[in-house]
Amino acid sequence: MTHTIQNQYLRATIDEMGAELVSLQRLSDGHEYLWHGDARWWHGHCPILFPATGGLWNGTYRHNGQTYTMPKHGFVRQMPWQVEKNEGHSLTLRCESTHETWAHFPWPFVLHATFTLVGRQLAFTLTVVNGGHSPMYFQAGFHPAFVLPDFDETETEADAYLRLQGDDSAVLRATEQGCTEPDHFPVPHTADGMVPVITGTFANEALIFAENRLKAATLCNKQKQPILTVTGQAPVWLFWSPQGVHTPFLCIEPWHGLCDPIGFEGPLTERPYINCAEPGTHWTQGFTIDIHE
């Protein structure tokens with residue numbers, strides 16, 4: 001089931017499955033900003049990643065002498081959520097751990113996902129509550145995909161551009177098993193410092209900026225005019241388009257976590273950018289999408 005919130009400028013639609021944002025429209029003309037999930041390229045829209053972001057080496061992690069399996073990006077994007085509150089311009093959904101989740105993640109948890117429209121901005125927050133009696137270690141990330149309005153199948157020029165706020169000089173790469181290589185690599189830029197959205201930019205799949213390098217990213221059209229800006233306090237940002245495929249969307253992903261380095265066999269507590277919630281406490285982070293007119 002889906003639920004809709006709106007204000008005088010925007011309408012957002014959220015699916016109870018995974019608490020996933022599936023549409024963000026401008027009310028004045030119905031223009032859609034969010035990717036519609038065409039499975040020819042990618043079936044997603046804006047999944048929530050928890051309790052892992054990215055791949056785990058051999059699909060496993062270790063904690064307190066036990067080894068657990070974990071799917072890439074965790075599992076809550078495939079769980080049903082329930083509406084907690086709908087105020088017309090704001091919606092909060094809730095998800096709880098189950099007997100099935102304990103096989104992959106041995107903590108009781110409650111998640112609250114809140115979507116709020118304020119002017120031409122959508123604000124999203126995820127709150128993670130530790131309902132157990134020991135420190136809970138987890139990662140969390142956000143995976144919104146945006147339509148490229150000037151997409152040209154011939155790709156005679158860039159379909160869009162990115163203007164990044166922060167140090168965008170070098171990136172990590174995820175290769176074997178979706179885990180990161182140790183080296184950093186240069187980022188392609190135009191003469192005016194923007195990153196062109198072309199197939200070649202994503203020849204090694206995602207651009208991964210770690211170490212708190214970025215604070216915001218603006219997606220611009222072919223004329224380099226801003227379409228929207230994603231802002232957040234995440235230590236890791238990814239920009240993803242399917243590798244080697246000319247694609248009509250781009251994902252802008254603030255992550256509070258990162259995939260394992262290649263060959264990583266350490267404990268869960270040493271996974272990159274791991275977060276910790278003490279018993280009975282909560283952790284809250286999120287991001288905003290600002291629409292430019």
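**Entry 1: the second largest cavity**

I began with the second largest cavity of this predicted model, and I listed the residues that line it: Pro 51, Ala 52, Leu 56, Tyr 61, Met 70, Phe 105, Tyr 137, Phe 138, Gln 139, Leu 268, Arg 271 and Ile 274. Sorted by class, this lining has ten nonpolar residues, one polar residue and one charged residue. The space in the second largest cavity comes to about 40 Å³.

Pro 51 is one of these lining residues, and I looked at its backbone as well. The peptide bond that leads from Phe 50 to Pro 51 is cis, with omega near 0°, and Pro 51 itself sits in the loop between strand S4 (48–49) and strand S5 (60–63). I noted this bond because most peptide bonds are trans.

**Entry 2: the largest cavity**

How many cavities of 30 Å³ or more does the count give? I found three. Rolling a probe the size of a water molecule over the atoms shows where empty space is left. The largest cavity holds about 60 Å³ of space, and I wrote down its lining as Leu 148, Glu 155, Asp 159, Val 197, Ile 198, Thr 199, Phe 202, Ser 241, Val 245, His 246, Thr 247 and Phe 249. By class, I have six nonpolar, four polar and two charged residues around the largest cavity; Glu 155 and Asp 159, both in the lining, belong to the charged class.

**Entry 3: the largest pocket**

I then turned from the cavities to the open spaces, and for the largest pocket I noted a volume of about 610 Å³. Which residues of its lining lie nearest the centre of the largest pocket? They are Trp 42, Lys 72, His 73, His 143 and Trp 240, out of a lining of 29 residues. By class, the lining of this pocket has eleven nonpolar, twelve polar and six charged residues. I also looked up which strands contribute, and I noted that strand S21 (236–240) and strand S22 (249–256) each supply at least two residues of the lining of the largest pocket.

**Entry 4: the sheet of S1, S2 and S3**

Next I followed the strands at the start of the numbering, where three strands form an open sheet in the order S1-S2-S3, with antiparallel pairing. Strand S1 (2–6) and strand S3 (20–26) are the edge strands, each of which pairs on one side only. On average, neighbouring strands of this sheet are turned by 20° against each other, with direction ignored. Between strand S2 (residues 10–15) and S3 I found six bridges, in the antiparallel sense, and within this pairing I located Thr 13, which stands opposite Ser 23 in S3.

**Entry 5: two residues with positive phi**

Last, I looked for unusual backbone angles, given that most residues other than glycine have a negative phi. Asn 212 is not a glycine, yet its phi is positive, at about 55°; I placed Asn 212 in the loop between strand S18 (207–209) and strand S19 (214–220). Is Asn 212 buried or exposed? Asn 212 is partly exposed, because its relative accessible area of 42% lies between the 20% and 50% limits.

Tyr 273 also has a positive phi without being a glycine, here of about 60°, and I found Tyr 273 in the loop between S22 and strand S23 (275–277). With a relative accessibility of 28%, Tyr 273 counts as partly exposed.

Terms used. Residues are numbered from 1 along each chain as its sequence is written. This is a predicted model: local features need pLDDT of at least 70, side-chain atom pairs count only at pLDDT 80 or more; totals for chains, interfaces and linings use all residues. Side-chain values use heavy atoms; hydrogens and water are left out. Two strands pair if DSSP finds at least two bridges between them. Helices (H or I, at least four residues) and strands (E, at least two) are DSSP runs, numbered from the N terminus. Axes are lines fitted to C-alpha atoms, for helices over the stretch in contact, and angles run from 0 to 180 degrees between N-to-C directions. On a 1 Å grid over the protein atoms alone, a cavity is a set of points where a 1.4 Å probe fits but cannot get out, and a pocket is an open set with protein on both sides within 12 Å along at least five of seven lines; lining residues have an atom within 4 Å of a point. Grid points are joined across faces, edges and corners, and a volume is the space filled by probe spheres set on the points. Buried means under 20% relative accessible area, exposed over 50%, partly exposed in between (1.4 Å probe, protein chains only).
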